[in-house]
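Here is a short set of exercises to work through with the model open beside you. Try each task first, then follow the solution step by step.

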Amino acid sequence: RNPAYLIYTSGSTGHPKGVLIDHRAITNRLRWMQDTYHLTTDDRILQKTPHTFDVSVWEFFWPLTTGATLVMAQPDGHRDPTYLTQAITRHHITTIHFVPSMLRAFTTHLTTTGDTLPTLRRIICSGEALPDDLAHTVHTHLNTELHNLYGPTEAAIDVTATECHPGHPVTIGQPITNTQAHIHDPWGNPTPIGVPGELLLTGIQLARGYHHQPALTAERFTPTAGGQRAYHTGDLTRWTPNGTIEYLGRLDHQIKIRGHRIELGEIETTLTNHPHLTAAVVHPHGPTHDQHLVAYLIPTPGHTPDPDELRTHLRAHLPEVMIPTHWITLTELPLTTSGKTNRKALPPPDANAHHGQREHTPPDTPTQRLIADAYTHALTNHTRPVGIHDRFFDIGGDSIRAIRV
């Protein structure tokens, strides 16, 4: 019952939340993993997840507690499909973890090179929703098991799991050993099969709570009639007829982009601290596997928001994954009848939403045209022509899209 680790996640108030996990919680998670997948001394796991992400905990300790071999990837190796392919081949890796967005980049690389990776036995996915088409791509090009796991940081990494089989829709599976899943409607009643509701978790893997934040802990970890505690995930799910859980999205404004859990309120709070803004709303656009952030801005009187200045302001406080791609200035925010921001009424980004009033200068030389074409190919959500003054990371680029370039 002693604390094993403290790991921080994004907070809606603009402050990180420290999640405190006990030894018994992570031990249960590791023992379930071994009972399910049966590592042997012949297995080799590639540890590539940054240690600020809780997946790294099982990558470190699962092989070390079972006699398998732990292979350490080079720094930032998790972002490079070419390096990962070489590392899997060179070190005879049998088990590897991917966030789905990186798995998509990795499988795209494999379809180009034709590599088959014969030693790879098992791919484990978690961190964000695994699309059906990506699972199909993996089964088509690799002779390996594909497992989809789900869980928040507040419940010792993962609490549900399933193996993905060819031709079957992807779910997040069923609860693992010593954990329980409950799906409730807004009034706290259990939902029948097929009816969406919020996923609540109980069992041995729940965190103690948020470090030095008793009010937030009491809000998200609530007592149950049976004397347990339930963690409110904020995830919209439903039971399927075969007893598995289907993930449908978020109930609040917390999202995941490329495996990073992001509270939109944290970006909004940081933006509104800028003296030239009176209000800001950040909202995701695009398909689940390729989302980008759009900032809607209400300026203070007499000021015109400068996207470059606002990016600099955000980068002083937030990681790159939380920097919006599009910037839209509004005279007022759309509201619901109750006076809340009506996010459904926010206008979608258009061709001019990337840079505000920045002048567009088309490419002129062969090299410029080559680079602009590469950017256009990589930035699938970029709607305006790429100009020579456009900065890759400011028009929707990131480490995964850089691989496409």
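**Exercise 1. Find the residues that Y37 touches, then place Y37 in its core.**

Step 1. Leaving out residues up to four places away in sequence, Y37 touches W32, W62, R122, I124, H147, L149 and A161, where contact means heavy atoms within 4.5 Å.

Before going on, a word on the model. This is a predicted model, in which local features need pLDDT of at least 70 and side-chain atom pairs count only at pLDDT 80 or more, while totals for chains, interfaces and linings use all residues. Residues are numbered from 1 along each chain as its sequence is written, and side-chain values use heavy atoms, with hydrogens and water left out.

Step 2. Y37 is among the residues with the most contacts inside the largest nonpolar core, along with I21, W58, W62 and L201. That core has 37 residues; a nonpolar core is a set of buried Ala, Val, Leu, Ile, Met, Phe, Trp, Tyr and Cys residues joined through side-chain atoms within 4.5 Å. Buried means under 20% relative accessible area, exposed over 50%, and partly exposed in between (1.4 Å probe, protein chains only).

Step 3. Elements supplying at least two residues each include strand 1 (3-9), strand 2 (17-22), helix 1 (23-37) and helix 2 (55-64). Strand 7 (145-150), strand 10 (179-184) and strand 11 (197-203) do so as well. Helices (H or I, at least four residues) and strands (E, at least two) are DSSP runs, numbered from the N terminus.

Step 4. Helix 1 gives the largest share of this core, 6 residues.

Step 5. A second, separate core has 28 residues, including L110, L117, I123 and C164.

**Exercise 2. Is L117 buried or exposed, and what about N178?**

Step 1. Begin with the backbone: most residues other than glycine have a negative phi. L117 has a positive phi of about 55°, and N178 has one near 65°.

Step 2. Locate them. L117 sits in the loop between helix 4 (100-113) and strand 6 (122-125), whereas N178 belongs to the loop between strand 9 (174-175) and strand 10.

Step 3. Check accessibility. L117 has a relative accessible area of 6%, so it counts as buried; N178, at 42%, is partly exposed.

**Exercise 3. Work out how helix 3 and helix 4 cross, and which residues make the contact.**

Step 1. The axes of helix 3 (residues 81-90) and helix 4 come within 9 Å and cross at roughly 75°. Axes are lines fitted to C-alpha atoms, for helices over the stretch in contact, and angles run from 0 to 180 degrees between N-to-C directions.

Step 2. The two helices are therefore roughly perpendicular, given that angles of 65 to 115 degrees count as such, with under 35 roughly parallel, over 145 roughly antiparallel and the rest oblique.

Step 3. Helix 3 contributes P81, T82, L84, T85 and I88, and helix 4 contributes M102, A105, F106, H109 and L110.

Step 4. Sorted by class, the contact has 7 nonpolar, 3 polar and no charged residues. Here Ala, Val, Leu, Ile, Met, Phe, Trp, Tyr, Cys and Pro count as nonpolar, Asp, Glu, Lys and Arg as charged, and the others, Gly among them, as polar.

**Exercise 4. Describe the sheet with strand order 18-19-20, and the helices that pack on it.**

Step 1. This open sheet of 3 strands has mixed pairing; two strands pair if DSSP finds at least two bridges between them.

Step 2. Strand 18 and strand 20 are at the edges, each with a single partner strand, so one side of each has no neighbour in the sheet. The twist averages 25° from one strand to the next.

Step 3. Strand 18 (277-285) and strand 19 (292-299) run antiparallel and are joined by 8 bridges. A280 stands opposite L297 in strand 19.

Step 4. Helix 7 lies across strand 18, strand 19 and strand 20, at about 150° to strand 18. Helix 8 also packs on the sheet, touching strand 18, strand 19 and strand 20, and its direction makes about 120° with that of strand 20.

Step 5. Helix 7 (residues 264-272) is largely enclosed by the rest of the structure, because 7 of its 9 residues are buried. What covers those buried residues includes strand 16 (254-257), strand 17 (260-263) and helix 8 (307-315).
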